[in-house]
Amino acid sequence: MSIIKPIIWTGSSLKLLDQTCLPATERYVECYSGKEVVAAIKNLVVRGAPAIGVAAAFGLALSAQKVATKDELWKHLHTVARDLLRSRPTAVNLFWAVKRITSLEKNISHLDLADQVEAIAKGAEKIYQEDIENNKKIGEKGAKLLPDKANILTHCNAGALATAGFGTALGVIRAAHQAGKKIHVFVDETRPVLQGSRLTAWELCQEGIDATLITDNCAGFLMKQKKIDFVIVGADRIAANGDVANKIGTYSLAVLAKEHNIPFIVAAPLSTIDFETNSGDNIVLEERSEEEIKKISGIQIAPEKIKAYNISFDITPAKYITFLVTEKKVISCVNEISLSSLKN
Ligand code: MRU
């Protein structure tokens, strides 16, 4: 099990391990309202597709606790839900988790306020628990794809920090390491906000997994030198045809991996699959502030006047994906037909 606890539910507050401060400072931001959770998601205090879904569910649980009368409950929750859904557009887990909580309304609205509030908190806790269990299953299934010794490249952070715990891409790596496989990880820095060097590198150091940090533009040459055996990444949204939205830079890695005959693995829970979106072309990709590119830790690193384009995610077409690892099964030929076998 991972020792990292990115999300802690106390029953009356939500503690989020502040991912904007890692690795220098380990501190929790404590949220007491849905509004505070919305801000934490926008500011990347909590980030990673499954983690923001889990946080959003608890945000609704906190909002429910603030309501004074039964009549106000669902009107208030739908307002908070709308704000949560506007916080970040790409990761579908956020939409999935908010829908799962708001759809409780039809089954519980006849109950007393206190019982509804409790049922909503239980619903959020269930999403949290399921996410950890699913990650472990993903880890087990994914680890079986790896030989006893492997050099793996990963991008961004798809680890314990990006989920309720354990991780998806890093879950596979963690499980392989725990199974005694000799795993070495190349960690992409992941510009502009450095989820690789700040978060993935921190996680791997915490758990004693052998790792080397590289710049984002290093991967191609390492592949050419045969230093990378697998690429493993997470996903923010997978369209019904298998196209994957993930951190900007993922597409370049997939194309490079294909050129060098390196298996490209995507590890993600079923809650990341959006069967309502037919192709990656229709996934909304978040564009974040220019400042994230023009400054590092508040220090200006580019002329103030220069324009910057900060597209946060890209789309990797399904044809580049060698394996999609989910908690249910591993898919080796990723397309609309194979993905439909993952529907309930
Ligand atoms: O902008 P972020 O840090 O939220 O982006 C996260 C990623 O792109 C992850 O790779 C993805 O959410 C998978 S997390 C298990």
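1. Let me start at a spot where two strands meet: N246 has D314 as its bridge partner in β14. The strands concerned, β9 and β14, run antiparallel to one another and share four bridges. Please keep in mind as you read that this is a predicted model.

2. β9 (residues 244-247) has another pairing to look at, with β8 (residues 237-239), again in the antiparallel sense and over two bridges. One of the pairs here joins R237 to A245 of β9. Four residues lie between the strands of this hairpin, and G242 has a positive phi near 95°.

3. N246 also turns up at the ligand. Among the 18 residues around the ligand, the nearest are R47, R88, D236, N246 and K247. An N or O atom in the N246 side chain lies 2.7 Å from a ligand oxygen. For the D236 side chain, the corresponding distance to an oxygen atom of the ligand is 2.8 Å. G48 takes part through its backbone, where an N or O atom is 3.0 Å from a ligand oxygen. If you set up this site for a calculation, these are the distances to have in view.

4. N246 leads on to V233, since the two are in contact. V233 belongs to strand β7 (residues 230-233). With a relative accessible area of 0%, V233 is buried. Beyond its close sequence neighbours, V233 also touches T154, H155, A169, T250 and the run F264, I265, V266 and A267. As a gauge of distance across the model, the C-alpha atoms of V233 and A57 are 25 Å apart, with their positions 176 residues apart along the chain.

5. β7 is part of an open sheet of seven strands, in the order β6-β5-β4-β7-β10-β15-β16, with mixed pairing. Its edges are β6 (211-214) and β16 (330-331), each of which pairs on one side only. Within the sheet, β4 (residues 149-154) and β5 (residues 182-188) are parallel and share six bridges. T154, for instance, is bridged to V187 of β5. Helix α8 (residues 195-206) packs on this sheet, where it touches β4, β5 and β6, and its direction makes about 165° with that of β5.

6. Is helix α7 (residues 169-178) mostly enclosed or mostly open? Eight of its ten residues are buried, so the rest of the structure largely encloses it. The buried ones are A169, L170, G171, V172, I173, R174, A175 and A176; you will recognise A169 as one of the contacts of V233. The cover over these residues includes α6, α8 and the strands β4, β5, β7 and β10 (264-267). After α7 comes G180, with a positive phi near 90°.

7. Now to the nonpolar cores. The largest one has 45 residues, and L14, L16, L84 and I120 have the most contacts inside it. At least two residues each come from β1 (7-9), β2 (14-17), α1 (34-42), α2 (49-66), α3 (73-85), α4 (92-102) and α6 (113-143). α2 gives the largest share, twelve residues. Apart from this core lies another, of 28 residues, including I214, V231, Y320 and I331.

8. I120 is a good residue to click on in the larger core. Setting aside residues up to four places away in sequence, I120 touches L60, A61, A64, L73, W74, L77, I101, L104 and I108. V117, found in helix α6, likewise touches A64, and Q65 as well. V117 counts as buried at 15% relative accessibility, because the cut-off for that class is under 20%. The C-alpha atoms of V117 and A219 are separated by 49 Å, at 102 residues apart along the chain.

9. Last, a polar residue away from solvent. What is the burial state of N310? N310 is buried, with a relative accessible area of 3%, and sits in the loop between β13 (299-300) and β14 (313-316). Its side chain makes a polar contact of 2.9 Å with that of E292. Leaving out neighbours within four places in sequence, N310 is in contact with P192, E286, E287, R288, S289, E292 and I293.

Conventions: Residues are numbered from 1 along each chain as its sequence is written. This is a predicted model: local features need pLDDT of at least 70, side-chain atom pairs count only at pLDDT 80 or more; totals for chains, interfaces and linings use all residues. Side-chain values use heavy atoms; hydrogens and water are left out. A nonpolar core is a set of buried Ala, Val, Leu, Ile, Met, Phe, Trp, Tyr and Cys residues joined through side-chain atoms within 4.5 Å. Buried means under 20% relative accessible area, exposed over 50%, partly exposed in between (1.4 Å probe, protein chains only). Contact means heavy atoms within 4.5 Å. Two strands pair if DSSP finds at least two bridges between them. Axes are lines fitted to C-alpha atoms, for helices over the stretch in contact, and angles run from 0 to 180 degrees between N-to-C directions. A residue is near a molecule or strand if one of its heavy atoms lies within 4 Å of it. A polar contact is a pair of N or O atoms within 3.5 Å; within protein, one must be able to donate a hydrogen and the other to accept it, and residues adjacent in sequence count only if both atoms are side-chain atoms.
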